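Colleague: I should like to learn how the features of a model such as this one are read. Please take me through them one at a time.

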Amino acid sequence: MPKLSLAKLERHLYAAADILRREGMDAATYKDFIFGMLFLKRCSDVFETARQEIIERSVADGMEVAEAEARYAINPDYYDDFFVPERARWSYLQEHLNDAGVAYGSVLDKALSALTEANESLEHVLDHIQFMRVQGNKRIVSDEACKDLVRHFSLYRLRNQDFQFSDLLGAAYEFLINMFAESAGKKGGDFYTPRDVIRLMVRILAPTPGLKVYDPTCGSGGMLIITREFIEHSGGDPTDLRLCGQVNDASAWSICKLNMLLHGIQGADIQLQNTFLHPMHREAGELERFDRVIANPPFSQNYSRTDMEFPERFRWGWCPASGKKADLMFTQHMLAVCKDKGMVCTVMPHGVLFRGGAEKEIRTKFLEQDLIEPIISLPPNLFYGAGIPACLLVMRPNRAGSFPNANKPKTRQGKVLFINADAEYHAGRAQNYLQPQHVEKIASTFERYEDIPGYARAVSFEEIADPANDYNLNIRRYVDNSPPPEPHDVRAHLIGGVPTAEIESHRPLCAALGFDSGHAFRLRNGDGRYHDFAPALTQRTAIAPLVEQDPGVAARAQEVRDALAKWWTKHASRVADLPTSRDLIRTRHLSPMSTLSI
């Protein structure tokens, strides 16, 4: 039987959502039922395989099947992962599909309750999923829809050995979260950050094994999961990592917990509480400190000082509690819980870079203590439901408050690197995206910390503090990437011809490609100021073949191929020695429930 591919599983989950959409539900409502059904099916399938293995081992040792069932197969202590009681098993749900006089939604609710009661790690995680929930005088999910969901999810088994790759279920869960975020607009953006943005942030933070990583507004947990993936893909041990997060929404907390479990992450410390009022990660009564802090806090929120614990976190100043100015309050919390040698990377709206009042006072103190390393302007329309421009702040704490900040690399002390990357992105139909080349350009520019005309510039504190700038961090003030004005030649507009000056301006690009522009242009009547297209170029469609088939371009392309072949010959043996995904799984002794990201 062919293994389940990601595309097939995505179609399967989308079809499950269609069942509930027929009930008149929107994404914000049906997501919980899909998540719950997916998790219930996954747990049952993995459990049944483990149960059968226990029975087979016992029978091989001379025990009768009935005795093996009674002594071992129903004992939770013999299972490495989730124990599934009988009424939560998929076979039980199928057997009771046609029971008369029984509300089938209650069968599903009891199955979820039984699974929770049998597994301490699921405490409260599934509580909000209630198939018997009533709104007004009508059930949200009809019994027929509940039965259709069970029939639909019965089409495929969801064990690791049924998947084309080991993290297929985690990837499919990400697909579901993404699908919900797209449908829910602004609501979806409250807990989902696009993965290309997260990969950029994690690439900048460059975590290593043994660190503690924290997201104070963790949403669905994507930042923590991708941090773990980064370490694994870098050849490190992803299990040697403490992942912590906090979120103030019960549904998002549940989604995050399930996301962790479906990615095979069992030890993440995810807390449900208001981060401003009650930060939950503590050591000996004090706030726990982390090596990396990464977050995309909700933009332009209000906050409350009532009953706030640990107010000393906000030693740089207090923004107004109203007026939707809590952005820099989130930043201060992150700095307060970051270790001295740690790093903070957070998404912020551009307003925090230039607004006045209390925000300017906080911003000034940040600069006077040399806390900011780069500020990165992101392209527009990357985030669901957030059309305002966004940026990344990367900061290093400085508890001594001295200038320059000794926690920053010496060559970066007393400076802020401005990277204006808002013009480089892939334009999608409804949303823009960062592609790998965009992420790499931003990250490598930060690592080199060097000036690139029209893209990046390291600016001294003295220039920022100068009265002409007055602590304004507006990125275009320091790195203007506006294109130069288009040159116009009135004579060429009137009588035709290509200005020689325009051809000359592109000569460096042509030279880099090995193309001689003389193959495409001829002087116009001996006038050195203007050219005409070469006689062979009678149609616009003839331009591309002329360039692609040019001998100089072909020679330059061969040079690139030869250089790549030379590199491959030199390094192929090192690539061949890298561990495969099977090696990684085998050496880490993953249990059947684990889903390693490859």
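Modeller: Element names come first: helices (H or I, at least four residues) and strands (E, at least two) are DSSP runs, numbered from the N terminus. The model is a predicted one. With that numbering, D307 is placed in the loop between β8 and α12 (327–336).

Colleague: How many helices and strands does the chain have, and what box do its C-alpha atoms fill?

Modeller: The chain contains 22 helices and 18 strands. Along the principal axes, its C-alpha atoms occupy a box of roughly 100 × 60 × 55 Å. Of the 598 residues, 49% are buried.

Colleague: Let us return to that loop. What is the phi of D307?

Modeller: The general idea is that most residues other than glycine have a negative phi. D307 is not a glycine, yet its phi is positive, at about 60°. With 60% relative accessibility, D307 counts as exposed. A206 is likewise a residue other than glycine with a positive phi, near 45°. A206 belongs to the loop between α9 and β3 and is partly exposed, at 34% relative accessible area.

Colleague: Where is L211 found, and is L211 buried or exposed?

Modeller: L211 is in the loop between α9 (195–205) and β3 (212–215). Its relative accessible area is 14%, and since buried means under 20%, L211 counts as buried. L211 also illustrates the distinction between sequence and space: L211 and I294 are separated by 83 residues in sequence, while their C-alpha atoms are 13 Å apart.

Colleague: Peptide bonds are my next topic. Which residues does a cis peptide bond join?

Modeller: As a general matter, most peptide bonds are trans. Here, the bond between F403 and P404 is cis, with omega about 0°. P404 is found in the loop between β11 and β12.

Colleague: How many disulfides does a search of the whole structure find?

Modeller: The search returns zero disulfides. C43 takes part in none, as the nearest cysteine sulfur, that of C256, lies 16 Å away. C43 is buried, at 2% relative accessibility. The case of C256 calls for the cut-off: a disulfide requires two cysteine sulfur atoms within 2.5 Å. The closest cysteine sulfur to that of C256 is in C218, at 4.0 Å, and is therefore too far for a bond. C256 is buried as well, with a relative accessible area of 0%.

Colleague: How many salt bridges does the count come to?

Modeller: The count is 36 salt bridges. A distance within 4 Å is needed between a side-chain nitrogen of Lys or Arg and a carboxyl oxygen of Asp or Glu. D162 and R157 form such a pair, their closest N and O atoms being 3.8 Å apart. D162 is buried, at 13% relative accessibility, whereas R157 is partly exposed, at 46%.

Colleague: Which parts of the chain do D291 and K339 tie together?

Modeller: D291 lies in strand β8 (residues 290–295) and K339 in strand β9 (residues 338–349), so their salt bridge ties together parts 48 residues apart in sequence. The closest N and O atoms of this pair are 3.4 Å apart. D291 is buried, at 13% relative accessibility, and K339 is partly exposed, at 30%.

A further salt bridge joins the side chains of R396 and E373, at 2.5 Å from N to O. R396 sits in the loop between β11 (390–395) and β12, and E373 in strand β10 (residues 372–377), 23 residues apart. Both R396 and E373 are buried. Bridges with shared partners also unite K212, R242, D269, E283 and E288 in one network.

Colleague: What is the volume of the largest cavity, and which residues line it?

Modeller: Six cavities of 30 Å³ or more are present, and the largest has a volume of about 50 Å³. Its lining includes F366, D370, F403, K415 and V459. The elements contributing two or more lining residues are α13 (358–368), β12 (415–420) and β15 (456–460).

Colleague: Finally, which residues make the nonpolar surface patch of about 440 Å²?

Modeller: That patch is made by L564, W567, W568 and V575. W567 belongs to helix α21 (residues 551–576) and is partly exposed, at 44% relative accessibility.

Methods
Residues are numbered from 1 along each chain as its sequence is written. This is a predicted model: local features need pLDDT of at least 70, side-chain atom pairs count only at pLDDT 80 or more; totals for chains, interfaces and linings use all residues. Side-chain values use heavy atoms; hydrogens and water are left out. Buried means under 20% relative accessible area, exposed over 50%, partly exposed in between (1.4 Å probe, protein chains only). Patches are made of residues with over 30% relative accessible area and no salt bridge: like charges are joined within 9 Å, nonpolar side chains (Val, Leu, Ile, Met, Phe, Trp, Tyr) within 5 Å. Accessible areas come from the Shrake-Rupley method with a 1.4 Å probe; for residues, only the protein chains shown count as cover. On a 1 Å grid over the protein atoms alone, a cavity is a set of points where a 1.4 Å probe fits but cannot get out, and a pocket is an open set with protein on both sides within 12 Å along at least five of seven lines; lining residues have an atom within 4 Å of a point. Grid points are joined across faces, edges and corners, and a volume is the space filled by probe spheres set on the points.
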